[in-house]
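Reader: I am new to this structure and would be grateful for a close look at one part of it. Could you choose a single site, describe it carefully, and then set it in its surroundings?

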Amino acid sequence: MAEHTVLFVDDEVNILKAVQRLLRNEPWQVLTASRGSEALEILENTPTQVVVTDQRMPEMSGVDLLAAIRTRHPDLVRMMLTGYTEMGVAVDAINRGEIYRLITKPWNDEELKAILRQAFDHFDLKNEIKRLNQVTREQNLKLQDMNRNLEGKVRERTKQVSEKHQELRIAYIQTIRALSEAVDAKDAYTRGHSERVGVYASKMGRELGLPRELIERVYISGLLHDVGKIGVRDAVITKPDRLTPEEYEEIKQHPEIGARILTPVNFLADVVECVRHHHEWYDGCERGYPMRLRGDQIPLPSRIILVADTVEAMTSDRPYRKGLDLDVVIRELHKYSGSQFDPTCVDAMLQLLEHEGEGFVRKEQKFDIHAFLEV
Ligand SMILES: [Fe+2]
Ligand SMILES: [Fe+2]
């Protein structure tokens with residue numbers, strides 16, 4: 001069966017015969033009908049791509065037939081072949097039948113064949129575009145589906161990864177805590193010192209409105225600030241009396257030793273400098289060590305830790321004195337604000353002491369990791 005079929009509709013049998021004769025050798029199936037109703041019946045039962053109709057026919061005019069075909073078979077390529085080229089008919093055929101071409105009788109044989117070829121091409125092209133649109137639509141739907149699945153998977157994996165990450169951070173902070181406890185254990189009087197400095201310092205960080213990552217760095221730096229005391233002789237660390245100048249020089253090594261201990265640990269890279277400079281003076285005077293940095297040259301966590309460290313040390317018992325009262329501590333903070341201490345950090349500490357009073361220096365405080373990580 002031919003792939004392409006054209007239907008000619010005309011009430012003059014001679015015309016139909018002439019057309020059939022003309023198209024005998026073309027690779028098309030040529031059907032004919034002499035009335036509109038017959039034409040519609042054929043189209044109902046035979047796949048057809050092109051229809052060519054006369055205008056003046058009994059029962060149903062060509063324009064009416066084309067309008068009916070347009071409704072029932074919108075894809076069909078419609079043409080009119082007429083001897084009456086009145087303007088009104090042409091306009092009607094175009095508007096109501098949406099015709100592809102208007103051909104006038106008598107026709108030129110080669111021209112008619114060419115027009116039919118173009119009509120079939122037109123039909124095939126439109127069909128191909130339709131098919132491609134359909135394929136594109138289906139592929140889009142499939143893609144949307146895949147995207148949805150992918151999003152779900154990504155969400156799930158992200159959740160798993162962030163849970164693992166959380167576990168690792170907790171484990172990591174606990175490891176650092178264990179290390180700092182080992183340092184404090186060298187001296188019965190400083191038990192819990194590092195943990196408390198970490199807690200005070202992180203509270204100050206929050207008071208200063210620092211971002212979470214920085215508060216975490218402040219806390220960890222607080223935990224580790226005195227880790228270098230591991231490298232200082234026990235006799236010097238636990239000495240109950242005043243230190244000799246030589247012993248004081250020895251003690252002053254601890255920030256540098258601490259930084260050296262931490263340097264090889266990749267994930268503590270941000271903490272190293274904070275530990276190294278936790279005894280610098282804000283005004284850069286010679287009492288600060290090891291490098292006599294001043295102001296902003298000193299890492300902010302170091303400036304915070306210095307205040308937290310001082311408050312912790314002053315409020316704790318020592319072999320030679322009891323822990324000092326808060327008002328003494330507050331007086332001291334005011335006195336050294338701007339020289340030893342960064343005034344901003346002093347203000348943060350004073351705010352905290354004002355709000356929390358004695359409760360702020362409770363000895364059993366621990367940093368609440370879980371609460372912190374969930375903020
Ligand atoms: Fe220290
Ligand atoms: Fe300390």
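Author: The account below begins with the metal site and then turns to the pocket, the sheet and some details of the backbone.

The model discussed here is predicted. The part chosen is the pair of iron ions, ligand 1 and ligand 2, which are 3.7 Å apart. Aspartate 226 coordinates both of them and thus forms a bridge between the two ions.

Consider the iron ion (ligand 1) on its own. Its protein donors are Asp226, through OD, together with His254, His278 and His279, each of these through NE2. These donors lie 2.1 to 2.3 Å from the ion. Along the chain, the donor residues follow the spacing D-x27-H-x23-H-H, so that histidine 278 and histidine 279 are neighbours in the pattern. Both histidine 278 and histidine 279 are buried. What is the arrangement of the four donor atoms around the iron ion (ligand 1)? It is irregular, because the angles that these atoms subtend run from 82 to 171°. As a point of reference, the ideal angle for four tetrahedral donors is 109.5 degrees.

The iron ion (ligand 2) also has protein donors, namely His193 (NE2), His225 (NE2), Asp226 (OD) and Asp309 (OD). They are found 2.1 to 2.5 Å from the ion. This site is likewise irregular, with angles of 73 to 170° among its four donor atoms. The order of the donors in sequence is H-x31-H-D-x82-D. Two of them show how the site connects separate parts of the chain: histidine 193 belongs to helix 6 (residues 193-207), whereas histidine 225 belongs to the loop between helix 7 (212-224) and helix 8 (234-237), so the pair ties together parts that are 32 residues apart in sequence. Residues under 20% relative accessible area are classed as buried. Histidine 193 is therefore buried, at 5% relative accessibility, and histidine 225 is buried because its relative accessible area is 0%.

One of these donor residues also leads to the largest pocket. His279, a donor of the iron ion (ligand 1), is listed with Tyr248, Ala313, Arg318 and Tyr320 as lying nearest the centre of that pocket. The pocket has a volume of about 1500 Å³, and 37 residues line it. Two or more lining residues come from each of helix 5, helix 8, helix 9 (245-251), helix 12 (300-315) and helix 13 (326-336). Among these, helix 12 contributes the most, with five residues. Asp309, a donor of the iron ion (ligand 2), falls within the residue range of helix 12.

Elsewhere in the chain there is an open sheet. It has five strands in the order 2-1-3-4-5, and the pairing is parallel. Strand 2 (28-33) and strand 5 (101-104) form the edges, each pairing on one side only. On average, neighbouring strands are turned by 20° against each other, direction ignored.

Strand 3 (residues 50-53) repays attention. From this strand, Val50 and Val52 point one way and Val51 and Thr53 the other, and all are buried. Four bridges link strand 3 to strand 1 (residues 4-9), and four link strand 3 to strand 4. Threonine 53 stands opposite valine 9 and has methionine 80 as its bridge partner in strand 4. Strand 4 (residues 77-82) in turn pairs with strand 5 over four bridges, where methionine 79 stands opposite arginine 101.

Some features of the backbone complete the picture. Most residues other than glycine have a negative phi, and most peptide bonds are trans. The bond from lysine 105 to proline 106, however, is cis, with omega near -10°; proline 106 lies in the loop between strand 5 and helix 5. A cis bond also joins tyrosine 289 and proline 290, with omega about 5°, and proline 290 is placed in the loop between helix 11 (269-276) and helix 12. Glutamate 59, in the loop between strand 3 and helix 3 (62-72), has a positive phi near 70° and counts as exposed because its relative accessibility is 65%. Glutamate 98 has a positive phi of about 40°; this residue is found in the loop between helix 4 (87-97) and strand 5 and is partly exposed, at 44% relative accessibility.

Conventions: Residues are numbered from 1 along each chain as its sequence is written. Chains are lettered from A and ligands numbered from 1 in the order in which they are written. This is a predicted model: local features need pLDDT of at least 70, side-chain atom pairs count only at pLDDT 80 or more; totals for chains, interfaces and linings use all residues. Side-chain values use heavy atoms; hydrogens and water are left out. Donors are N, O and S atoms within 2.8 Å of the metal (3.2 Å for Na, K and Ca); water is not among the atoms, so sites may look incomplete. Four donors count as tetrahedral if all angles lie between 85 and 135 degrees; four count as square planar and six as octahedral if opposite donors are over 155 degrees apart and all others between 65 and 115; anything else is irregular. Buried means under 20% relative accessible area, exposed over 50%, partly exposed in between (1.4 Å probe, protein chains only). Two strands pair if DSSP finds at least two bridges between them. Axes are lines fitted to C-alpha atoms, for helices over the stretch in contact, and angles run from 0 to 180 degrees between N-to-C directions. On a 1 Å grid over the protein atoms alone, a cavity is a set of points where a 1.4 Å probe fits but cannot get out, and a pocket is an open set with protein on both sides within 12 Å along at least five of seven lines; lining residues have an atom within 4 Å of a point. Grid points are joined across faces, edges and corners, and a volume is the space filled by probe spheres set on the points.
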